[in-house]
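Please examine the sequence and the three-dimensional model shown below. The paragraphs that follow lead from the overall surface and fold to the interior and then to individual backbone features.

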Amino acid sequence: MQAIWITKHGAPKVLEVRESPDPDPAAGEVRIRVRAAGLNFAEVMARQGLYPDAPKTPCVVGYEVAGEVDALGEGVSDVKVGDRVAAMTRFGGHASVVVVPEARVFAMPESMSFEEGAALPVNYLTAYHMLFEIKRVRPGEKVLVHMAAGGVGTAALQLCRTVDDVTTYGTCSAKKHEYARGHGCDHPIDYRSEDYAEVIRRDLGDKQLDLVLDALGGRDWKKGYELLRSTGTLVAFGWANMNVGGKRSLLRVVSQMAGLPRYTPMKMMQDNRSIAGVNMGHLWHEGAMVRREGLALMKLYEEGKIKPHVDRVFSFAEAAAAHEYLESGKNVGKVVLTP
Ligand SMILES: NC(=O)c1ccc[n+]([C@@H]2O[C@H](COP(=O)([O-])OP(=O)(O)OC[C@H]3O[C@@H](n4cnc5c(N)ncnc54)[C@H](OP(=O)(O)O)[C@@H]3O)[C@@H](O)[C@H]2O)c1
């Protein structure tokens, strides 16, 4: 098999495609011939040496794949050889062959392409988990989605559209506004030229949001919390502000830490607001929950309610270019790698 190796931390040129023998599935595992693998911000940060959960280098990262099942371990009952599936891999997904536990494998609808299958698990599970497991978004609610034209942002906007009369605000650069609108963003905000909190206050009045999805972190968590109405929730699920230009400087860390809001349970009780944290990578042990969410997403796809937007497809040999593309923030929606 082939895999994209992060040989050491550094610029995209540290990536190398290497050959190794195909793995065999152990009991309860499924082997998949990968046709497409998703590339995430986390994996770019793993290459930069800025992702705390990443394995030690040299390593192969990758959280999600789509492909065809070609071998089964003992005791696998629900999956057959030849099935078209999407799957979650806790690293190792940027490879042409993977083995995964049966519980992390989802049958793909007939109409779903392999590229779409690889684009779905991380982005849509994260968005679904925040919108429907952590918070139960209800008709008429108002939601702020940061990084709205990225993979998770697109998924969150589409999923908000599955609930009646939800109003969405989304931050993204101006050239991505049309894209964001097309995926369900009612009010795109160019956060580079306007203060999003001011725009939202001007539109709605003070403290009117029901939900803020924030992977920016630091001072933005504080700004988001202050926009919430009573019963509102801030979901923190990343700290992209920590990473500027692919480097973590001490100055940046200190300034980000200084901007962190320090809220006690007492304050949240008095405010009637809540803060929740989400890290899907740390829910690997919650197989049944993630499976339920994954199956719900496949059903929404079949009903035509969600559709991953695959921005660009790069071959494994072009992995460095794929990392550069995502890192530069040029992507709208998902970047996919194909063996
Ligand atoms: N906790 C979890 O389980 C989980 C799961 C998945 C992802 N995440 C996190 O969610 C975030 C979004 O992931 P994604 O895959 O959707 O990203 P993505 O597709 O790469 O989109 C990122 C976009 O966000 C915008 N952006 C705004 N501020 C940014 C900043 N400070 N740094 C970098 N980009 C910024 C950029 O677009 P503009 O042109 O609009 O600026 C960029 O293109 C990441 O921080 C990721 O680590 C967390």
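**From the surface to the core**

The accessible surface of the protein amounts to about 15,000 Å², and carbon and sulfur atoms contribute 51% of that area. The coordinates come from a predicted model. Of the 339 residues in the protein, 55% are buried.

The fold is built from eleven helices and 15 strands. The radius of gyration is 20 Å, close to the 20 Å that the globule rule gives for 339 residues, so the protein is as compact as a globular protein of that length. Measured out along the principal axes, the C-alpha trace spans about 60 × 45 × 40 Å. Among contacts with a separation of 6 or more, 68% are made by residues 24 or more positions apart.

The interior may be considered next. The largest nonpolar core comprises 53 residues, and those with the most contacts inside it are L131, L159, L213, L297 and I306. Elements that each give two or more residues to this core include the strands β5 (84-88), β8 (142-145) and β11 (209-214). The helices that do so are α2 (114-119), α3 (121-134), α4 (151-160), α5 (177-182) and α10 (287-302). Seven residues, the largest share, come from α3. At least three residues of this core are drawn from each of domain 1 (2-120 + 308-338) and domain 2 (123-280).

L131 offers a view of the surroundings within this core. When its neighbours within four places in sequence are left aside, L131 is in contact with R136, V137, A156, L159, C160, L211 and L213. A second core, separate from the one just described, has 24 residues, including I4, L39, F316 and Y325.

Several details of the backbone also deserve attention. T57 and P58 are joined by a cis peptide bond, with omega at about -5 degrees. P58 is located in the loop that runs between α1 (41-48) and β4 (64-72).

Where do residues other than glycine adopt a positive phi? One of them is D165, with a phi of about 60 degrees; D165 is placed in the loop between α4 and β9 (167-171). The relative accessibility of D165 is 61%, and therefore this residue counts as exposed, the cut-off being over 50%. N272 likewise is not a glycine, yet has a positive phi of about 55 degrees. The loop that holds N272 connects α9 (265-271) and β13 (274-277).

Conventions
Residues are numbered from 1 along each chain as its sequence is written. This is a predicted model: local features need pLDDT of at least 70, side-chain atom pairs count only at pLDDT 80 or more; totals for chains, interfaces and linings use all residues. Side-chain values use heavy atoms; hydrogens and water are left out. A nonpolar core is a set of buried Ala, Val, Leu, Ile, Met, Phe, Trp, Tyr and Cys residues joined through side-chain atoms within 4.5 Å. Buried means under 20% relative accessible area, exposed over 50%, partly exposed in between (1.4 Å probe, protein chains only). Helices (H or I, at least four residues) and strands (E, at least two) are DSSP runs, numbered from the N terminus. Domain bounds come from an automatic or database domain assignment. Contact means heavy atoms within 4.5 Å. The radius of gyration is taken over C-alpha atoms; the globule rule is 2.2 Å times the number of residues to the power 0.38. Accessible areas come from the Shrake-Rupley method with a 1.4 Å probe; for residues, only the protein chains shown count as cover.
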